[in-house]
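Trainee: I would like to learn how to read a protein model. Could we go through it feature by feature?

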Amino acid sequence: MKKLILAFFLLSFYANAQNTYPVIPKPNSLVEGKGKFSITPKTKIVVSTNAPETMKVAEQLAQRIQIVTGNLPEITSQKTPNSISFEDAPALGPEAYEFVASPASVIIKASTAKGHFYGFQTLLQLLPPSVYSSSLQPAVKLAVPECVIKDEPRFGYRGMMLDLGRHYFPVSFIKKYIDLIAMHKLNTFHMHLTDDQGWRIEIKKYPKLTEIGSKRKESMAGHYRDQKWDGIPHEGFYTQDEIRDIVKYAESKFVTAIPEIELPGHAQAALAAYPELGCENKKYEVSTLWGVSDQVFCPNEQTFEFLQNVLTEVMELFPSKYIHIGGDECPKTAWKNSEFCQQLMKKEGLKDEHELQSYFIRRIDKFVTSKGRKIIGWDEILEGGISPNATIMSWRGIEGGIDAAKQGHDAIMTPTSNLYLDYYQSNPLTEPIAIGGYLTIEKVYGYEPVPAALTKEQAKHILGTQANLWTEYIATPEHAEYMAFPRASALAEVAWTKAELKDYKNFALRLKTHFERLKHLGVNYARSYYDITASTLKDAKGFPVVKLENIDKDVIIRYTLDGTEPNAQSLAFDPAKNIPINADMLISSAAFSKTGDQLGKVLTKQFVVSLSTGKTYTLASEPQGYTGGEKYALTNAIVGDLSNSSSWVGFNGKDLDAVIDLGQRTLINRIGVAFQRASASWIMLPRYVEIFVSDDGKTFKSVKRIEMDTSDKPEYIVQQLNIALGTQNARYIKVFAKNYGKLADSHPGHGNPAWLFVDEISVK
């Protein structure tokens, strides 16, 4: 009994500590105290007279206190009781800080103004969430819990990207986005300024880039697969004065703004303005189609002169060390058909168009380096040989970062699997339209930026990590906020906090307070934190049961079994009594507060019971990235659908070769298996499906083979197969599906391996 009481006490203390010190990202060292420091009208802010940059941080603090209390604290250089002091600590790193709060004072120590700024962000998060309000809060009592914090970031590069090429966003929103970046102790704002669908930055030497290139006649409506357009013109660009203002504003928040000018691909908006820069003698228009255009810059001297002039003006506006030059998704069709390109390849001794792309990148790298800057490029610039001074941004998984680091090049990790914030974060049937994919806040939080394949020395080349918000399907600031937060909050902890200190449950407790801050800041954040997850388990007798969960243990999970949506009177899920699956059923569930308010969206899952339900199986090739959410996802009774990729098992370029053990010889006559086709997402149906049976799991007999439709159609479908086998008596079932292979030349991703998505294998 004493042990139980002690355990309960420790759990309660743990939860209370997180509510008292709910700092995101989590500090690397925090020692708790018992008292508190109260900010009163007599509180002063102390800054040394020879610290002008820190003085600006102090002024931001004073303004924040004035907004919510009506009182503007005095800033002084004289030490005084009841004060918040910014003190110099030369021994600390450039982004490190120490924070000491006692009943008498708050002291923030740092060696730079940036360190003081991060200490200031921690101070705000230790105050009540209403400190972030934009209006007077008469009832607020600003008090800081006593503590000692020692903190510094794990990575030097901590970024967020916003795609401005697909949709223009007003300057006011960009500043708000920067505020949120800074609040989370991120330090880089990557501005994706040009693409096939729009050129968003004024270039004085080339006015047509914005006169023509910043305007498209319409945008796609619905998903790419729908092939529909809205008929509404879209335009907008940032003047050079606006860019200077954005860069200066970011600097005031200790955020570096990095520009991206896409080349040699994603160039159609530029070619619409200056068609002579293309390899084809034709007129171009700003693309109204999402995805990748075949229209690319021609690698001739006229193009290089143009790009050097553009980059010269860009570098005058952005003082950043890095200039991002894109380099991704560059189709080679125009180059293959260009006599000039083929002659250039012969002249330069280039064996293929990939090496021609490297030639292009090296020319730009040499120019940017001559200006005292460094280029960043997406991981495609590795193809054909990496440019000497390039930093790689690894997005197609982690392999690009691994290859770069092994070659002695710096890398920034930003894989689609964990850090693409344009992916769905909840059930797509209840979410705003998104490009596809499925990325929960927990999956973002679980990302480890340093690949295990690297040695300690190679790992030093991993500069940090970044999340990307692509905006093909995001047209408004409100939607952008919804997609970015709170997943960007999880990224912040990945980038800042030591890996061994991370704990998702701990983070989730602090996140509840963070939601209150985001409310006061007017951020339209997503509520996917309250999403229910459903998984299948086996009970003591080996029968399948459904477990419903939410990270917040304070909620009540309510559910129905008749297809209706749950309400405050519906059955309450008891974790000690999982739901038995005795037959095919539809379970709908949602999180509710103790007062009966629905907190999250409804999760509806279909469960289909068969002879294979709950049975184990082996795979010849393990899935990549898409595992179905649990170890035996192909026999867990959960049926996949187009609304959610999380329940599908995905193989990139590999076949499905699954052997199911039924446990004993069993009479069977039918196999059910589902495949997905989503061509725009590189997911193709298999070329054929073949079923085998065996008594010993070693010698298999083929009993059925079905040829599949491998046409490249844009419609997203689930191909459900119900395969009649006659009467078979076997213990083992093998289901083999041949991967489509490399995507065809007509496909935007041509040459890359196709994905094979498969779900529930049912045996009848």
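Trainee: How many residues of helix H17 are buried?

Mentor: Some ground rules come with that. This is a predicted model, where local features need pLDDT of at least 70, side-chain atom pairs count only at pLDDT 80 or more, and totals for chains, interfaces and linings use all residues. Residues are numbered from 1 along each chain as its sequence is written, and side-chain values use heavy atoms, with hydrogens and water left out. Buried means under 20% relative accessible area, exposed means over 50%, and partly exposed is in between (1.4 Å probe, protein chains only). Helices (H or I, at least four residues) and strands (E, at least two) are DSSP runs, numbered from the N terminus. Now H17: it spans residues 487-496, and 10 of its 10 residues are buried. Among them are Arg487, Glu493 and Trp496.

Trainee: Which aromatic cluster holds Trp496?

Mentor: Start with the pair rule. Rings of Phe, Tyr and Trp (its six-membered ring) pair if their centres lie within 6.5 Å; planes under 30 degrees apart are stacked, over 60 edge-to-face, and the rest tilted. Trp496 clusters with Phe117, Tyr118, Phe120 and Phe254.

Trainee: What lies over the face of tryptophan 496?

Mentor: Lysine 185 does, at 5.8 Å from the ring centre. The test for a charge over a ring is NZ of Lys or CZ of Arg within 6 Å of the ring centre and within 35 degrees of the ring normal. Tyrosine 688 has a charge over its ring too: the charged end of arginine 705, 3.5 Å from the centre.

Trainee: How many aromatic pairs does the whole structure hold?

Mentor: The search finds 32. Take tryptophan 378 and tryptophan 470: their ring centres are 5.7 Å apart and their planes at 45°, so this pair is tilted. Tryptophan 378 is in strand E18, and tryptophan 470 is in the loop between strand E21 and helix H16, 92 residues apart. Both tryptophans are buried.

Trainee: Which tyrosine pairs with tryptophan 470?

Mentor: Tyrosine 420. The centres are 6.2 Å apart with planes at 45°, so this pair is tilted. Tyrosine 420 lies in the loop between helix H13 and helix H14, so the pair ties together parts that are 50 residues apart in sequence. Tyrosine 420 is buried, like tryptophan 470.

Trainee: On to charges. How many salt bridges are there?

Mentor: First, the idea. Side chains of opposite charge can pair when their charged atoms come close. The cut-off is a side-chain nitrogen of Lys or Arg within 4 Å of a carboxyl oxygen of Asp or Glu. The structure holds 28.

Trainee: Where do lysine 56 and glutamate 53 lie?

Mentor: Both are in helix H2, 3 residues apart, about one turn of the helix. They form a salt bridge, with the closest N and O atoms 3.4 Å apart. Lysine 56 is partly exposed, at 45%, and glutamate 53 is partly exposed, at 42%.

Trainee: Is aspartate 379 buried or exposed?

Mentor: Buried, with a relative accessible area of 2%. Its salt-bridge partner is arginine 396, at 2.6 Å, N to O. These two lie in separate loops, so the pair ties together parts that are 17 residues apart in sequence. Arginine 396 is partly exposed, at 35%.

Trainee: Which residues are joined into one network by salt bridges that share partners?

Mentor: Asp163, Arg166, Asp195 and Glu472.
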